[in-house]
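Work through these exercises with the model open beside you. Try each task before reading its solution.

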Amino acid sequence: MLADRRLIEKTPRQGYVVRQLNLTEIHELYDLRLVLETYIMEQVCKTGMDEAILAALKQRWTQVYEALPEMIADPVTVDENFHQALARAVGNRAMAEMLGNIDARIRFVRMFDITNAERLKATCVQHLETLEAIGRRDAGKAVDVLRHNIED
């Protein structure tokens, strides 16, 4: 499974080794993530999102924001869960799985992303703005905020 996700490389009769990504591949994965999540965001805004899930996401990110400057224990996982919830809301399992695979491959890079309270605050604000836009079904605003979140 790890080899299928391109996290390790298998060498016949020698074993496995952790695969190292190069900078070009990291940029390509972020480009793919942006394209995939832009489509997801457009679809979520078009079809709407379960109100209970939307409310739970808003509550979670509001709690994180209000606890600042205290850092949450695992910001990368919490952030991945946010993006996965949006992908699942579309109802396309292949998209959610693909996003999960991308997240797994860039996770080590993302671990250096949200490392301080200021970056976490920016992430909270972006996620809350995204959720508000989804609630209004404002795909333009939701995609714009999402793009800044991923590019940051």
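**Exercise 1: Helix H5**

Task: compare the length of helix H5, residues 117–136, with the span expected for a helix.

Solution. H5 has 20 residues. At 1.5 Å a residue, the expected span is 28 Å. From its first C-alpha to its last, H5 reaches 29 Å, close to that value. Keep in mind that this is a predicted model.

Task: find which residues of H5 are buried, and what covers them.

Solution. Start with the cut-off: a residue is buried under 20% relative accessible area. In H5, the buried residues are Arg 119, Leu 120, Thr 123, Cys 124, Gln 126, His 127, Thr 130, Leu 131, Ala 133 and Ile 134. Now recall how a helix turns. An α-helix has 3.6 residues a turn, so residues three or four places apart point the same way. Next, look at the cover. It includes helix H1 (23–47), helix H2 (51–67), helix H3 (75–90) and helix H6 (139–151).

Task: describe what lies at the start of H5 and what follows the helix.

Solution. At the start, a side-chain oxygen of Asn 116 comes to within 3.0 Å of the backbone nitrogen of Glu 118. After the helix comes Arg 137, with a positive phi near 60°. Arg 137 sits in the loop between H5 and H6. Its relative accessible area is 47%, so Arg 137 is partly exposed.

**Exercise 2: Helix H1 and its meeting with H5**

Task: check the span of H1, then look at both of its ends.

Solution. H1 has 25 residues, which should span 36 Å at 1.5 Å a residue. The end C-alpha atoms are 36 Å apart, so the two values agree. At the start of H1, a side-chain oxygen of Asn 22 reaches to within 3.1 Å of the backbone nitrogen of Thr 24. Gly 48 follows H1, and its phi is positive, near 85°.

Task: work out how H1 and H5 are oriented and which residues meet.

Solution. The two axes come within 7 Å and cross at roughly 40°. H1 and H5 are therefore oblique to each other. From H1, Met 41, Val 44 and Cys 45 take part. They meet Thr 130, Ala 133 and Ile 134 of H5. By class, this contact has five nonpolar residues, one polar and no charged ones.

**Exercise 3: Arg 110**

Task: is Arg 110 buried or exposed, and what is it in contact with?

Solution. Place the residue: Arg 110 is in helix H4, residues 93–110. Its relative accessible area is 4%, so Arg 110 is buried. Leave aside neighbours within four places in sequence. Arg 110 is then in contact with Tyr 30, Arg 33, Val 76, Asp 79, Glu 80 and Asp 103.

**Exercise 4: Backbone exceptions**

Task: locate the cis peptide bond, and describe Arg 13.

Solution. Begin with the usual case. Most residues other than glycine have a negative phi, and most peptide bonds are trans. A cis bond joins Leu 68 and Pro 69, with omega about 10°. Pro 69 lies in the loop between H2 and H3. Arg 13 is not a glycine, yet its phi is positive, about 65°. Arg 13 lies in the loop between strand S1 (8–11) and strand S2 (15–18). At 89% relative accessibility, Arg 13 is exposed.

**Exercise 5: Val 18**

Task: how far apart are Val 18 and Ile 8 in sequence and in space?

Solution. Val 18 is in strand S2. It counts as exposed, at 56% relative accessibility. Val 18 and Ile 8 are 10 residues apart in sequence. In space, C-alpha to C-alpha, Val 18 and Ile 8 are 4.4 Å apart.

Key:
Residues are numbered from 1 along each chain as its sequence is written. This is a predicted model: local features need pLDDT of at least 70, side-chain atom pairs count only at pLDDT 80 or more; totals for chains, interfaces and linings use all residues. Side-chain values use heavy atoms; hydrogens and water are left out. Helices (H or I, at least four residues) and strands (E, at least two) are DSSP runs, numbered from the N terminus. The expected span of a helix is 1.5 Å times one less than its number of residues. Buried means under 20% relative accessible area, exposed over 50%, partly exposed in between (1.4 Å probe, protein chains only). Contact means heavy atoms within 4.5 Å. A polar contact is a pair of N or O atoms within 3.5 Å; within protein, one must be able to donate a hydrogen and the other to accept it, and residues adjacent in sequence count only if both atoms are side-chain atoms. Axes are lines fitted to C-alpha atoms, for helices over the stretch in contact, and angles run from 0 to 180 degrees between N-to-C directions. Angles under 35 degrees count as roughly parallel, over 145 as roughly antiparallel, 65 to 115 as roughly perpendicular and the rest as oblique. Ala, Val, Leu, Ile, Met, Phe, Trp, Tyr, Cys and Pro count as nonpolar, Asp, Glu, Lys and Arg as charged, and the others, Gly among them, as polar.
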